[in-house]
Amino acid sequence: MERSDLVKAIETYIPYNEQEERDQVLILNWLRQHENAYSRENEIAHMTASAWVVNKDRSKVLMVYHKIYNSWSWLGGHADGEKDLLAVALREVREEAGISSVRPVSEDLLSLEILTVDGHQKKGRYVPCHLHMNVTYLLEADELEETSVKEDENSGVGWFTPEEALQASTEPWFVERIYSKLIERTKQL
């Protein structure tokens, strides 16, 4: 996917709510104004991709226990120069959960959001506060496939019902603004 393909996908995306309407404008402006928008070298903000991973009948969602945030959360990561953010989301699920048979339910965006990241230590180095210009994809995996943790990022991988996922997360903003939205969007499909 080329840079212009992602811009087009975000331009044609129909926002779910006011948060997405506002974030859509800012993400598009960021992509148009910053050549290094896909790189962590841009320490103010950079593109990321997240995955809302469901099982075949959509009764469960895959979460990881994220070490930095000390919470159960969705999967995803940095573009790191890659412009095909669906490929980034798929790669991150494979790396973070050890799952090999994951596939997109659709190549369309499921949601978009700007996420704040607090300053933290990573690999012995301080990472300052910044923004993730994020797009989310709906992916499907087999809940019976064996999972494994990615030691440097998470300490647990598990399947939850949507209600359990909301209860497991200790990040109120994500529960109220992101995960609840993703559960509703998934039901609509």
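These notebook entries record what I looked up in a predicted model.

**Ground rules.** I number residues from 1 along each chain as its sequence is written, and I leave hydrogens and water out, so that side-chain values use heavy atoms. Because the model is predicted, local features need pLDDT of at least 70 and side-chain atom pairs count only at pLDDT 80 or more, while totals for chains, interfaces and linings use all residues.

**Helix α5.** I looked up α5, residues 172–188 (helices being DSSP runs of H or I, at least four residues, and strands runs of E, at least two, numbered from the N terminus), and found a kink of about 30° centred on Tyr 179, the bend being the angle between axes fitted to the seven residues ending there and the seven starting there. Among its buried residues (under 20% relative accessible area; exposed is over 50%, partly exposed in between, with a 1.4 Å probe and protein chains only) are Phe 174, Tyr 179 and Lys 181.

**Salt bridges.** I searched the whole structure and found 13 salt bridges, each a side-chain nitrogen of Lys or Arg within 4 Å of a carboxyl oxygen of Asp or Glu. Lys 181 and Glu 20 meet in one of them at 2.8 Å, N to O, and this pair links helix α5 to helix α2 across 161 residues. Lys 181 is buried at 4% relative accessible area, and Glu 20 is buried at 0%. I also noted that Glu 20, Glu 113 and Lys 181 are linked in a network of salt bridges.

**A second pair.** Glu 140 and Arg 103 form a salt bridge at 3.3 Å, N to O; Glu 140 lies in strand β9 and Arg 103 in strand β5, so the pair ties together parts 37 residues apart in sequence.
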